Amino acid sequence: MIDSHCHLDHENLYSNLADVLIRSKKVGIKKILTISTNLDSFRKINSIVKFDPIIYGTFGIHPHETSGQILHKDQIVENISNNNKIIGVGESGLDFYYNNSDKKSQIVSFHNHIQAALDLNIPIIIHSRNAEEETYNILNDYSNFDLKILMHCFTGSSNFAKKLMKFNSYFSASGIITFKKSIELQETFKNINNERLLIETDSPFLSPEPNRGKSNEPSFIKHTLKKLSSLKEKSFEEMEKITTNNFNNLFN
């Protein structure tokens with residue numbers, strides 16, 4: 001199993017990293033990708049990726065953080081180029097759920113991250129919430145380029161997923177697919193090609209059933225994979241192999 005998106009720089013993961021890694025390996029996790037959300041986050045990640053060979057990282061500014069931190073494409077490229085364990089750009093994207101008044105900075109930042117990902121030829125991890133049309137339109141601007149896209153914690157509509165297939169996007173399932181009321185999202189994941197599926201925890205957020213309400217951690221990913229296996233009518237072992245291969249293909 002590979003946790004394609006978590007935040008090991010957040011408490012209580014950061015202060016208990018050794019125990020978190022022991023539990024992760026015990027359930028069979030082979031790689032963990034810890035995601036940058038701002039400059040302070042990235043400083044921690046630069047040290048976290050040295051903690052264990054299975055940990056990799058990204059560099060980027062979360063859309064919630066863009067009003068105070070817009071980075072030029074070259075700054076993103078430079079930070080990633082300095083560490084071979086930083087393998088992705090992001091998370092970046094658009095989130096108009098909480099912040100509808102500062103769309104401009106999010107859009108500028110998103111473009112800068114996309115251009116950096118193209119320069120580096122590595123995946124961009126995209127966060128999109130209440131911004132399906134805007135996210136699609138921006139990605140469509142780059143449709144003639146070989147952009148590597150991972151839609152993290154995908155909760156979009158089935159139509160949005162179909163439109164994103166045009167860009168050869170990958171879609172990451174989080175613990176949300178285990179929630180009883182997530183029927184529509186479960187149907188969406190049923191219809192996404194197996195070759196485009198990854199799994200993530202987004203820990204310490206979004207704990208899956210049966211751990212909902214607790215602080216999430218990478219080892220809980222087994223519950224998300226179990227649910228995804230059921231939705232796709234595959235064995236746990238088959239879906240584990242599929243999602244692992246997809247991660248390795250996307251991130252080389």
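This is a short walk through the structure, one selection at a time. Keep in mind that you are looking at a predicted model.

**Stop 1: the first three strands**

Start by selecting residues 2–6, which are strand 1, together with residues 31–34, which are strand 2; these two pair in the parallel sense over three bridges. To see one of those pairings, pick out Cys6 and its bridge partner in strand 2, Thr34. Now add residues 17–27: this is helix 1, and the chain passes through helix 1 on the way from strand 1 to strand 2, making a right-handed β-α-β crossover.

Next, bring in strand 3, residues 55–59, which pairs with strand 2, again in the parallel sense and over three bridges. Ile32 is the residue to click here, with Ile55 of strand 3 opposite. Show residues 39–48 as well: that is helix 2, which carries the chain from strand 2 to strand 3 in a β-α-β crossover that is right-handed. While you have the strands up, remember that side chains in a regular strand alternate between the two faces of the sheet.

**Stop 2: the largest pocket**

Now turn on your pocket surface. The largest pocket comes to about 650 Å³. Select Asp95, His127, Arg129, His152 and Asp202, since of the 29 lining residues these five sit closest to the centre of the pocket. Colour strand 4 (86–95) and strand 5 (124–129) too, as they are the elements that each give two or more residues to this lining. Strand 5 supplies the largest share, with four residues. Colouring the lining by type gives you 10 nonpolar, 13 polar and six charged residues.

**Stop 3: Gln106, a partner for Asp95**

Stay on Asp95 and look for what touches its backbone nitrogen: a polar atom of the Gln106 side chain is 2.7 Å away. Follow that side chain back and you land in helix 4, residues 103–120. Is Gln106 buried or exposed? Gln106 has a relative accessible area of 0%, so it counts as buried.

**Stop 4: the second largest pocket**

Finish by moving over to the second largest pocket, with about 200 Å³ of space. Which residues should you select to find its centre? Go for Asp146, Leu147, Lys148, Phe167 and Asn168, which lie nearest the centre among the 15 lining residues. Recolour by type and this second lining splits into eight nonpolar, three polar and four charged residues.

Note on methods. Residues numbered from 1 in each chain as written. Predicted model: local features only at pLDDT ≥ 70, side-chain atom pairs only at ≥ 80, totals over all residues. Heavy atoms only, no water. Buried < 20%, exposed > 50% of the residue type's maximum accessible area, 1.4 Å probe, protein only. Polar contact = N/O pair within 3.5 Å; in protein donor to acceptor, adjacent residues only side chain to side chain. 1 Å grid on protein atoms, 1.4 Å probe; cavity = no way out; pocket = protein on both sides within 12 Å on 5 of 7 lines; lining within 4 Å. Points joined across faces, edges and corners; volume = space filled by probe spheres on them. Nonpolar A, V, L, I, M, F, W, Y, C, P; charged D, E, K, R; others polar. Pairing = 2+ DSSP bridges. Right-handed = clockwise from strand over helix to strand, strands pointing away.
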